[in-house]
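Work through these exercises with the structure open beside you. Try each task before reading its solution.

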Amino acid sequence: MTDQQQADLLHDEVEAGTTTGLASPSVDVTKERQNSLWSDAWGHLKRNPLFWIGAVLGLVFLLMAIVPQVFARGADPRACNLSNSQQKPSAEHWFGFDQQGCDYLANVVYGARNSLIIGLLAVLVILVLGLLVGAVTGFYGGLLDSLLSRLTDIFYAVPFILGAIVVLRSGFLGRGVAAVAVALAIFGWMTAMRLVRSQVIAVKSSDYVAAARAMGASNGRILIRHILPNAVAPVLVYTTITIGVLIAAEATLTYLGVGLQRPAISWGLQISAGQSLLRTSPHLVLFPSIILTLTVMAFIMMGDALRDALDPRQRA
Amino acid sequence: MGRYVARRLLLTIPVLLGASFLIFAMVYALPGDPIRALGGDRPLSPAVVAQLREEFNLNDPLVVQYVKYLGDLIQGDLGTDFRGREVLDTISQRLPVTIKLTVVAILIETVIGIVAGVLAGIRRNGFLDNLVLVSSTIVVSVPILVLAFVGQYVLGLQFGWFPVSGINEGWYSYLLPGLVLAAGSLAYVARLTRTSVAENMRADYVRTARAKGLPRRTVILRHTLRNSLIPVVTFIGADIGTLMGGAIVTESVFNLPGVGRAIFDSVRAQEGAVVVGIVTLLVFFFVFFNLVVDVLYAVLDPRIRYD
Amino acid sequence: MTRPDLSKATAPVPADGRPVLEVDDLHVEFRTRSGVVHAVNGVSYSLTQGETLAILGESGSGKSVSAQAIMGILDSPPAVITGGGIWFEGTDLLTQPEEEQRKVRGPGISMIFQDALSSLNPVYSVGFQIGEMFRAHRGMSKKDARKRAIELMDRVRIPAAARRVDDFPHQFSGGMRQRVMIAMAIALDPRILIADEPTTALDVTVQAQVMDLLKDLQAETGMGLILITHDLGVVNEVADNVAVMYAGEIVERGTVDDVFTRPAHPYTDGLMSSVPQVEAKGGRLQPIVGQPPNLARIPSGCPFHPRCSRRRLGAEAAPGRECSTDVPPLRLVVPGREAACHYSEEVLGVRAQ
């Protein structure tokens with residue numbers, strides 16, 4: 001935000017009378033001003049119920065991935081008995097049984113780990129690619145920027161799921177957890193790159209970077225000390241939401257038959273197997289769907305709340 | 001403007017080429033020999049295999065294969081699949097299904113999304129606003145896969161309101177898949193409209209419009225909505241290309257014979273020509289609608305001038 | 001009370017001198033989540049035809065809010081008019097239905113704003129936006145409205161009006177944009193024009209041109225002009241009377257010459273001392289210490305007392321005139337002059353020496 005925009009905002013608020021004290025120049029805000037963006041953001045985050053819902057859901061999901069046996073109520077996902085095939089949920093077996101007669105709660109719970117690993121791994125690759133390409137193109141500009149930006153356009157033009165399908169079917173990555181994560185990252189890094197690039201370009205021309213340069217700071221130092229910290233807030237928001245999106249994408253790819261394969265335990269596989277039994281045993285699609293949705297929701301809610309907290313202009 | 005469009009068109013050429021080569025390279029790096037697979041249980045004679053490999057240029061280096069493919073493409077020949085069927089025929093048969101699905105989805109997201117967003121944005125923090133906010137968060141979070149099954153099970157099987165699969169009931173068959181496909185964008189459009197309208201409601205020029213004594217209707221329709229819809233319209237424009245390329249899951253679950261389903265089937269059958277042809281087409285649509293959006297932006301907002 | 005500068009009195013003043021506009025004990029609050037902000041607390045003033053009344057005050061003093069209340073364009077919620085009346089040509093606008101209020105905006109009272117760039121709609125041509133006045137209030141056709149828009153642009157001295165009528169706001173310079181705003185505001189010959197910091201965003205030379213234009217238009221039409229500003233120079237040049245606002249109240253009121261030469265309120269006195277004077281070259285400027293008050297927590301007693309150098313607290317104070325507990329009413333100090341200070345006579349006296 002430029003000074004003029006800041007001044008306009010202030011003016012609007014004052015004139016509209018909507019100032020609550022924080023933005024108004026007519027109020028002593030010295031104390032509040034000293035608070036950094038982050039503690040201010042935390043203050044807002046704390047009061048956002050969406051954030052807490054998301055955080056609790058996310059924590060449950062995390063624990064589920066780390067210690068699934070606690071949530072599985074003692075059942076082993078691979079201890080199956082065909083005589084229990086497709087049994088409906090009961091007080092004893094909350095999620096019922098699947099076609100092979102395996103305890104479904106245990107299976108759904110054990111599916112969290114692969115989802116989490118793929119989500120985190122893919123987002124890590126995306127961040128590394130996005131930060132690297134984004135920072136380099138934004139900072140150095142010129143021919144390198146043009147070339148890499150066109151390359152980004154090319155990847156951007158291929159629909160996300162479509163690209164991942166082709167990569168996974170081509171088979172040079174294999175079909176494991178890492179393969180799915182990398183396939184998702186290959187066609188998912190462009191937004192992160194654009195985010196970082198635009199931040200870098202915006203900050204690069206700011207006065208304080210000019211001041212740092214005048215004092216003889218090197219390019220690398222300027223990039224790391226002055227420019228990248230500014231990209232942290234938007235990247236953090238993006239990362240949180242993207243983990244949710246990636247988890248959903250993994251389930252989709254697996255459902256389509258190009259992601260994880262048996263005997264891996266995955267929500268996508270469970271939904272895929274349950275699909276043909278939708279008429280007789282809807283719970284086989286229902287339970288993994290619910291848990292998948294709640295997991296995705298956890299990350300999207302946290303990301304939304306973070307954005308509201310970190311971007312004062314978006315606040316209601 | 002004309003020069004800008006021409007320049008943008010030129011810039012799309014490398015993107016189209018790059019994207020199609022990317023797909024081409026990955027598809028033809030597929031393991032296994034599709035020709036042998038064609039024979040199934042009865043192995044083909046080596047002579048036949050060699051002949052087929054020659055016919056499909058499978059012996060050339062990748063780049064040569066691609067250049068040959070491009071040469072044919074320019075002449076309108078997208079090649080044939082291994083069963084001798086013209087890829088162009090497959091596309092022209094499948095594309096209308098995907099287009100219909102996309103049209104239904106775009107209509108749904110535009111109408112419902114904008115109406116919900118406007119109602120929410122006008123009375124910020126009101127009941128409708130909170131309803132839109134909460135429901136859009138939920139809808140955005142539901143993976144399209146889950147949504148498809150929920151829609152199919154609840155609205156299709158339980159209530160019997162919609163056909164569960166296929167396209168035998170005309171446009172009506174597309175309603176439920178369209179809704180599923182549109183849901184995520186719908187929520188986004190509602191939110192974007194809400195933010196945009198709420199922001200514009202506080203704009204100085206809306207205050208001016210009220211100070212001019214314009215009727216409330218005029219203030220909202222002419223001075224708030226027109227400005228608020230600029231980002232929304234551009235999002236929807238770009239979304240056409242995205243939805244066309246993102247219909248794979250929807251078409252799979254609802255068993256719609258569109259291009260998404262065709263890609264999916266072809267990837268499984270290792271029908272490279274079909275995959276490359278359709279993906280290139282979808283990339284073209286994507287790039288095309290993004291270009292349209294850029295031009296549209298200049299038409300809608302006089303402050304933007306491309307020279 | 002006679003105006004020393006006759007050039008200012010060119011506007012025709014009706015014989016009966018009855019005010020066109022009377023604001024009576026206006027109260028406006030903003031009810032926000034973090035508390036109630038008391039933006040306007042009992043403001044009264046009146047305006048006769050052809051009069052120029054300047055409302056002077058810092059940001060947050062309530063000067064713009066009271067103007068927007070008169071226009072009926074406050075955002076509600078959060079703004080609530082909690083009391084008072086706004087009498088325009090004999091009717092209280094606040095008791096009128098919204099539709100009647102709307103009909104007053106434009107032909108009765110109109111307003112121009114500080115930042116013409118953001119106050120004009122970026123996606124419509126200026127001609128369209130000026131013409132809207134005729135279409136909305138007079139039901140004129142689009143074509144006729146455009147013709148009238150060109151005439152108005154001529155009248156506010158925009159060069160090549162006929163050629164520029166279809167241009168968009170961003171294609172004009174700051175001064176020209178403000179002229180467009182003025183053209184729009186005077187389109188229907190309003191009885192009153194409220195100018196909210198009309199020149200703050202402009203270069204000094206352009207400021208003078210715009211103020212000249214406003215004065216000329218006022219002389220032609222005899223409209224009343226309410227000039228909201230924090231610019232003492234502008235007030236001195238163009239206004240007849242001035243009302244000084246602080247913390248949502250009028251703290252001093254009188255003719256410009258009286259108030260500027262002999263302030264009766266310590267706040268006004270402070271304002272005058274903080275402006276460079278040609279006569280007092282070499283002296284130090286005296287800023288007013290402290291910050292303007294938080295309108296959510298207005299100080300008790302006289303709202304200015306925490307910053308006032310003349311305050312009298314506790315035993316120092318005269319009975320019933322303790323600055324931190326007793327609210328000073330706006331009262332007649334000398335003929336033609338009102339001030340809201342317990343010790344106005346002293347302020348006047350000291351300054352007169």
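## Exercise 1: One residue in a core

This is a predicted model. Task: find which residues B:Ile23 touches, leaving out those up to four places away in sequence.

Solution.
- Step 1. Start with the partners in chain B: B:Ile23 touches B:Val275, B:Val276, B:Val279 and B:Thr280.
- Step 2. Now cross to chain A: B:Ile23 also touches A:Val158 and A:Val166.
- Step 3. Place B:Ile23 in its wider setting. The largest nonpolar core has 164 residues, and B:Ile23 is listed with those that have the most contacts inside it. Also on that list are A:Ala164, A:Ile165, B:Ile263, B:Val275 and B:Val279.
- Step 4. Ask which element gives the most to this core. It is α12(A), with 17 residues.
- Step 5. Look for a second core. A separate one of 103 residues includes C:Phe30, C:Ile70, C:Cys341 and C:Tyr343.

## Exercise 2: Where chain A meets chain B

Task: describe the side of chain A that touches chain B.

Solution.
- Step 1. Count the residues. The contact joins 38 residues of chain A to 40 residues of chain B.
- Step 2. List the elements of chain A that give two or more residues: α1 (3-16), α7 (142-157), α8 (160-170), α12 (219-256) and α14 (283-310).
- Step 3. Pick out the largest share. α14(A) supplies it, with 9 residues.
- Step 4. Sort by class. This side of chain A has 26 nonpolar, 6 polar and 6 charged residues.

## Exercise 3: Where chain C meets chain B

Task: do the same for the side of chain C that touches chain B.

Solution.
- Step 1. Here 23 residues of chain C meet 17 residues of chain B.
- Step 2. The elements of chain C giving two or more residues are α2 (98-104), β6 (109-112), α3 (116-119) and α4 (126-138).
- Step 3. α4(C) gives the most, with 4 residues.
- Step 4. By class, this side of chain C splits into 11 nonpolar, 7 polar and 5 charged residues.

## Exercise 4: Annotated spans in chain A

Task: compare the UniProt record for chain A with the modelled backbone.

Solution.
- Step 1. Read the domain. The unreviewed UniProt entry places "domain: ABC transmembrane type-1" at residues 112-303 of chain A.
- Step 2. Check its backbone. Residues 112-303 of chain A are 82% helix and 0% strand, with end C-alpha atoms 20 Å apart.
- Step 3. Read the "transmembrane region" features. The unreviewed UniProt entry puts them at several spans of chain A, including 154-172 and 227-249.
- Step 4. Take residues 154-172 of chain A. They are 79% helix and 0% strand, and the end C-alpha atoms lie 21 Å apart.
- Step 5. Take residues 227-249 of chain A. They are 100% helix and 0% strand, and the end C-alpha atoms are 32 Å apart.

## Exercise 5: Packing of a helix

Task: find which residues of α9 (177-186) of chain A are buried, and what they pack against. The residues come first, then their packing.

Solution.
- Step 1. The buried residues of α9(A) are A:Val180, A:Ala181, A:Ala183, A:Leu184, A:Ala185 and A:Ile186.
- Step 2. They pack against α6 (104-140), α8 and α12 of chain A.
- Step 3. Contrast A:Leu151, which lies in helix α7 of chain A. A:Leu151 is partly exposed because 18 other C-beta atoms lie within 10 Å, while a buried residue needs 20 or more.

## Exercise 6: Strands of chain C

Task: trace how strands pair in chain C.

Solution.
- Step 1. Find the open sheet. Its 4 strands run in the order β2-β1-β4-β5 (chain C), with antiparallel pairing.
- Step 2. Mark the edges. β2 (35-47) and β5 (91-92) of chain C each pair on one side only.
- Step 3. Go to one pair. β1 (21-32) and β4 (79-88) of chain C are antiparallel and joined by 8 bridges. C:Phe30 stands opposite C:Ala79 in β4(C).
- Step 4. Turn to β6(C). It runs parallel to β7 (192-196) of chain C, with 4 bridges between them. C:Ser110 has C:Leu193 in β7(C) as its bridge partner.
- Step 5. Check the side chains. In a regular strand they alternate between the two faces of the sheet. C:Ile109 and C:Met111 point one way from β6(C), C:Ser110 and C:Ile112 the other way, and all are buried.

## Exercise 7: The overall form of chain C

Task: decide whether the radius of gyration of chain C agrees with a compact globule.

Solution.
- Step 1. For 353 residues, a compact globule would have a radius of gyration near 20 Å. Chain C has 21 Å, which agrees.
- Step 2. Add the spans. The C-alpha trace of chain C covers about 75 × 45 × 40 Å along its principal axes.
- Step 3. Add burial. In chain C, 47% of the 353 residues are buried.

Methods:
Residues numbered from 1 in each chain as written. Chains lettered and ligands numbered in written order. Predicted model: local features only at pLDDT ≥ 70, side-chain atom pairs only at ≥ 80, totals over all residues. UniProt positions renumbered as here; feature names shortened; annotations may be inferred. Contact = placed C-beta atoms within 7 Å. Nonpolar A, V, L, I, M, F, W, Y, C, P; charged D, E, K, R; others polar. Buried ≥ 20, exposed ≤ 12 C-beta atoms within 10 Å, placed from the backbone. Pairing = 2+ DSSP bridges. Core = buried A, V, L, I, M, F, W, Y, C linked by C-beta atoms within 7 Å. Rg over C-alpha atoms; globule rule 2.2 N^0.38 Å.
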